[in-house]
Amino acid sequence: MTSEVHPRRRVLGGLIAAGGALVVGATAHASADPGSGTASRVEADGATGRATGATVVLVHGVFADASGWNAVTARLLEAGHQVLAPAHPLRDLDGDSAYLSSVVATLPGPVILVGHSYGGEVITNAARGHDHVKALVYVAAFAPDEGESALRLAGRFPGSELEGALVTRPLPGGTDADGYIDPAKFHRVFAADLPRATTRVMAVSQRPGSLNGLSGASGVPAWRTVPSWYVVAGADRVIPPALQRFMAERARSRTVEVEGASHVVMMSHPDVVVRQITAAYRATR
């Protein structure tokens, strides 16, 4: 049941975890049940049957891929939304943001950008220069301010267990490495509220992030001028919940918190995430 009220390489673990936006008004704090809520339906073009509202772009983070959005995607499609869940390179913040920006540039009409984990950093930068990006939705995600990196942010609050779980594999040339979560620790650190049968598969199919590449400083954040929403994962062992709350409050995001939710709250509590996306959609109309 959801109720609303007013609103750490050492720290590198928080960076690799990765992933805010101006909204006037009260924020919300909520605990949620995974089985509650559905997206509202949107209008469709009578001639084509195609939804006529905003395109929802779902952006994954490190240690994951676009399949992490499957449950959210299914619900959004069922509700009639236009959805795109692209894979992005996970090489460096500037390059990943430029890639997503190029995708956004091809989309007509309003766009809602949704980022999980490091994907939050990407949408924070990729949205700049696109007037048709009408909302940002952060899902257990980094929402950096200008000059910040996830590395810097993750050191502000205790609670991340990623540092002790991180394993690396050198890249050619010897000047960089990819970071992974130790499969033996993946369930506890990344997705403790999912079945172990599921997380065993996720652990061996991780998409790594480049350690050097992911340390880049963020630019001017889109959340200063674009309204934002946030889903805080209350039992996140990758990005500490206290950090998530700090970033959401700073960005003046409309926020819900899911008590007991792991870092992959979009998989364990997809309906809560869909409700936040739906709220952002309604605000674009």
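**Exercise 1.** In which helix is lysine 185 found, and is lysine 185 buried, partly exposed or exposed?

Solution. The model is predicted, so local features need pLDDT of at least 70 and side-chain atom pairs count only at pLDDT 80 or more, while totals for chains, interfaces and linings use all residues. Residues are numbered from 1 along each chain as its sequence is written, and side-chain values use heavy atoms, with hydrogens and water left out.

Step 1: lysine 185 is found in helix H7 (residues 183-190). Helices (H or I, at least four residues) and strands (E, at least two) are DSSP runs, numbered from the N terminus.

Step 2: lysine 185 counts as partly exposed because its relative accessibility is 37%. Buried means under 20% relative accessible area, exposed over 50% and partly exposed in between (1.4 Å probe, protein chains only).

Step 3: leaving aside neighbours within four places in sequence, lysine 185 is in contact with Gly164 and Ala165; contact means heavy atoms within 4.5 Å. The C-alpha atoms of lysine 185 and leucine 166 are 9.1 Å apart, with the two positions 19 residues apart in sequence numbering.

**Exercise 2.** State which strands S3 pairs with in parallel, and give the hand of the crossover from S3 to S4.

Solution. Step 1: two strands pair if DSSP finds at least two bridges between them. Strand S1 (residues 55-59) runs parallel to S3 and is joined to S3 by five bridges; within this pairing, valine 57 has leucine 113 as its bridge partner.

Step 2: S3 is also parallel to strand S4 (residues 133-141), through seven bridges. Here glycine 115 is bridged to tyrosine 138.

Step 3: from S3 the chain passes through helix H4 (residues 119-126) to S4, a right-handed β-α-β crossover. Right-handed means that, with the strands pointing away from the viewer, the path from the first strand over the helix to the second runs clockwise.

Step 4: strand S3 (residues 111-117) is mostly covered, with seven of its seven residues buried.

**Exercise 3.** Give the strand order of the open sheet of three strands, and name its edge strands.

Solution. Step 1: the order is S5-S6-S7, and the pairing is antiparallel. Step 2: strand S5 (166-170) and strand S7 (209-210) are the edge strands, since each pairs on one side only. Step 3: five bridges link S5 to strand S6 (residues 177-181), and valine 167 has tyrosine 180 as its bridge partner in S6.

**Exercise 4.** Place tryptophan 229 in its strand and describe its surroundings.

Solution. Step 1: tryptophan 229 lies in strand S8 (residues 228-233). Step 2: tryptophan 229 counts as buried because its relative accessibility is 4%.

Step 3: not counting residues up to four places away in sequence, the residues that tryptophan 229 touches include Leu136, Tyr138, Arg254, Gln276 and Ala280. Tyrosine 138 is 91 residues away in sequence from tryptophan 229, yet 6.2 Å away C-alpha to C-alpha.

Step 4: among the buried residues of H11 are Gln276 and Ala280.

**Exercise 5.** Over which residues is the pLDDT below 50?

Solution. Step 1: pLDDT is the predictor's confidence in each residue, from 0 to 100. The protein chain averages 84, and 81% of the residues score at least 70. Step 2: the pLDDT is below 50 over residues 1-51, a stretch with 181 contacts in the model beyond near neighbours in sequence. Step 3: where pLDDT is low, the predicted coordinates should not be read in detail.
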